[in-house]
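Subject: Structure for your review

Dear colleague,

Please find below the structure that I am handing over to you, with its sequence. My notes on what was found in it follow.

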Amino acid sequence: MKFHPRRTIRALLLPLAAGLALTALPVQAAHAASTLTNGGFESGGAGAATPAGWSEYGDTGASYTESGGHGGSYRLSHYSSSAYKVETYRYLSGLANGSYKLTAWVRSSGGQKAAYIALKNCGGSEQRTDLPISSSGWIRIVTPVNVTNNQCTISVNSDASAGNWINVDDLTFTSGATGTSIHGADISSLAKSEAKGGVYKSSAGTAGDALSILKSYGMNYARLKVWVNPADGFNDKAHVLAMAKRIKAQGMKLLVDFHYSDSWADPGQQNKPAAWVGHTYSQLKTDVYTHTYDVLNALKAQGTTADMVQVGNEINGGMLWSEGSTSNWSQLAGLLNSGYDAVKAVNSSTVVALHLAKGGDKAGTEWWFDNAVAGGVKFDAIGLSYYGYWHGPLSDFQTTLDDAASRYGKPVFVAETAYPFRLDSDDSLTNQIDTTGELVSGYPATVAGQTRWMNDVASIVEAVPNGRGLGVFSWEATWTAVNGNGWDPADATSGNGWENQALFGYDDKALSSMTWFSHR
């Protein structure tokens with residue numbers, strides 16, 4: 001991500017084509033699948049007041065089957081022209097105790113007080129997954145549960161206003177577990193914020209350590225950018241080393257994000273550090289290796305070994321332009337592999353990720369990684385930036401993520417995502433997102449809207465097949481509006497266009513949206 005004093009990207013959410021649907025992915029069968037019949041709502045046909053094998057409770061007229069299924073001809077829908085509250089449920093008995101997961105394809109208009117799928121009465125606590133808001137493209141979600149009493153109830157719930165609707169289809173209940181390992185945030189801004197007088201408070205208003213507050217909500221992974229020689233020292237090697245000690249002291253894991261620049265590197269700019277300008281391609285390969293090794297070896301030496309490393313940041317067009325541009329893949333491959341080799345030389349178990357800002361662009365992601373694979377580029381994981389107001393609908397995000405995991409056989413994660421909890425600025429710089437027209441439909445610029453966005457993105461990552469969804473990093477959780485902590489390291493008067501997407505409010509208190517860290 002990068003920042004300018006004026007926004008250069010003001011793309012509106014791509015219009016959703018009516019009736020757009022994802023291609024159904026094959027669902028792996030398990031011994032419990034036969035216990036859920038009519039999970040596709042085909043029995044009884046359109047207009048069935050109560051789907052065969054299912055029961056209803058509440059405003060039952062709002063629950064019915066109709067044409068337009070995800071995989072077959074029909075689907076379950078909840079809808080009424082007046083406010084309603086309804087549950088469509090299915091009781092399963094005779095289950096072998098153990099771990100199970102419910103998979104479902106869903107769509108939702110949004111606007112409900114609640115719209116979710118639950119697994120309950122299974123012997124432990126109820127497990128819920130909210131339906132992501134998607135008015136056209138189908139989205140696959142999963143809900144795991146541990147059955148301890150040989151039974152379980154599958155429950156589809158709506159507490160809705162007039163005109164709100166959901167579609168649900170192709171449910172399967174199989175053995176297996178889900179969950180994500182990364183519940184993270186980029187906190188690259190924190191050290192500079194604190195140096196400039198930034199304060200962080202608990203939700204109750206008690207000043208404290210931002211990392212401790214974030215951890216208390218479930219954050220377990222921190223992401224830190226590193227620049228080569230930034231104008232103000234943030235974030236150079238020394239600052240990364242100091243922050244890494246604090247991160248590891250909290251029991252968190254560490255992702256180091258190499259920009260290979262003195263300032264922001266992103267799809268629009270991949271400028272060489274001043275010290276490397278004029279170097280030949282061969283010298284640049286050595287520069288990448290030496291710098292990467294130096295930072296990571298210093299981290300290891302102080303007992304804070306990096307758990308994951310990004311070789312480059314949002315490298316859609318390559319890095320270290322022009323030598324490392326995607327117009328010269330053989331040279332870009334050499335630079336990337338130089339970084340990879342340096343990481344592994346320090347610690348062979350550190351995960352090396354490649355990071356693109358193409359979260360909703362399946363074709364673009366395939367083009368890039370197909371070229372990388374053909375060029376012999378080495379990597380362990382794929383990171384994608386996904387901002388819904390720039391990168392298209394959630395259904396496109398899921399398609400891209402699933403395809404990347406399957407096509408390259410690698411784990412995937414969201415390296416960056418965020419959402420505003422308000423639109424006005426807390427400093428003199430206009431925010432990157434500051435009008436209702438820029439928002440994702442159904443997700444208001446409120447704390448609740450921010451919370452919903454983070455949870456729904458996390459649900460899509462959790463649903464990546466074969467357990468290849470690692471998790472999500474929020475960007476940039478601690479970048480509140482503090483005088484002197486602006487976007488430009490060379491200009492102390494530059495402002496922050498992102499404070500309305502942090503996880504601390506304008507009163508410096510922890511926002512309740514931090515609860516997303518406790519997502520499965």
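A crossing of two helices is called left-handed if the near helix is turned anticlockwise from the far one by less than a right angle, and right-handed if it is turned clockwise. Please note also that this is a predicted model.

**Helix packing**

In that sense, the crossing of α4 and α5 is right-handed. Helix α5 covers residues 329-346, and its axis lies 8 Å from that of α4, at an angle of about 25°. Angles under 35 degrees count as roughly parallel, and α4 and α5 are therefore roughly parallel to each other. On the α4 side, the contact includes Y281, L284, K285, V288 and Y289, as well as T292, Y293, L296, N297 and K300. These residues meet a set in α5 that includes S330, Q331, G334, L335, S338 and G339, together with D341, A342, V343, A345 and V346. Sorted by class, the contact of α4 with α5 comprises eleven nonpolar, seven polar and three charged residues.

Helix α4 (residues 281-301) also packs with helix α3 (residues 237-249): their axes come within 10 Å and cross at roughly 30°. The pair α3 and α4 is therefore roughly parallel as well, and α3 passes α4 in a right-handed crossing. From α3, the residues K237, V240, L241 and A244 take part, and they meet D294, V295, A298 and L299 of α4. Six residues of this contact between α3 and α4 are nonpolar, none is polar and two are charged.

What angle do α5 and helix α6 make where their axes cross? The crossing is at roughly 75°, with the axes of α5 and α6 (residues 362-374) coming within 10 Å. This makes α5 roughly perpendicular to α6. Here W329, L332 and L336 of α5 meet W367, W368, N371 and A372 of α6. The contact of α5 with α6 holds six nonpolar residues and one polar residue, with no charged ones.

**Sheets**

One open sheet has five strands in the order β2-β3-β10-β5-β8, paired antiparallel. Strands β2 (63-67) and β8 (134-147) are at its edges; each has a single partner strand, so one side of each is left without a neighbour in the sheet. On average, and with direction ignored, neighbouring strands of this sheet are turned by 35° against each other. Within the sheet, β3 (residues 74-79) and β10 (residues 165-175) run antiparallel and are joined by four bridges. L76 has V168 in β10 as its bridge partner. Helix α8 (residues 394-408) lies across β5 (98-108) and β8, and runs at about 60° to β8.

Another open sheet is formed by five strands in the order β1-β4-β9-β6-β7, again with antiparallel pairing. Its edge strands, β1 (55-58) and β7 (127-130), each pair on one side only. In this sheet, the average turn between neighbouring strands is 20°, direction ignored. Ten bridges join β4 (residues 84-93) to β9 (residues 151-160), and these two strands run antiparallel. Y84 stands opposite A160 in β9.

**Aromatic pairs**

Counting rings whose centres lie within 6.5 Å, there are 30 aromatic pairs. One of them is formed by W475 and W498, whose ring centres are 5.3 Å apart; their planes stand at 80°, so the pair is edge-to-face. Both W475 and W498 lie in the segment after β18 (469-474), so the pair ties together parts that are 23 residues apart in sequence.

**Backbone details to inspect**

W475 appears again here, as a cis peptide bond joins W475 and E476, with omega about -5°. E476 is found in the segment after β18. Where is S322, whose bond from W321 is discussed next, to be found? S322 is in the loop between β14 (308-311) and α5, and the peptide bond from W321 to S322 is cis, with omega near 5°. Finally, Y260 has a positive phi of about 50° although it is not a glycine. Y260 is found in the loop between β13 (253-258) and α4.

With kind regards

How values were computed:
Residues are numbered from 1 along each chain as its sequence is written. This is a predicted model: local features need pLDDT of at least 70, side-chain atom pairs count only at pLDDT 80 or more; totals for chains, interfaces and linings use all residues. Side-chain values use heavy atoms; hydrogens and water are left out. Axes are lines fitted to C-alpha atoms, for helices over the stretch in contact, and angles run from 0 to 180 degrees between N-to-C directions. Angles under 35 degrees count as roughly parallel, over 145 as roughly antiparallel, 65 to 115 as roughly perpendicular and the rest as oblique. Contact means heavy atoms within 4.5 Å. Ala, Val, Leu, Ile, Met, Phe, Trp, Tyr, Cys and Pro count as nonpolar, Asp, Glu, Lys and Arg as charged, and the others, Gly among them, as polar. Two strands pair if DSSP finds at least two bridges between them. Rings of Phe, Tyr and Trp (its six-membered ring) pair if their centres lie within 6.5 Å; planes under 30 degrees apart count as stacked, over 60 as edge-to-face and the rest as tilted.
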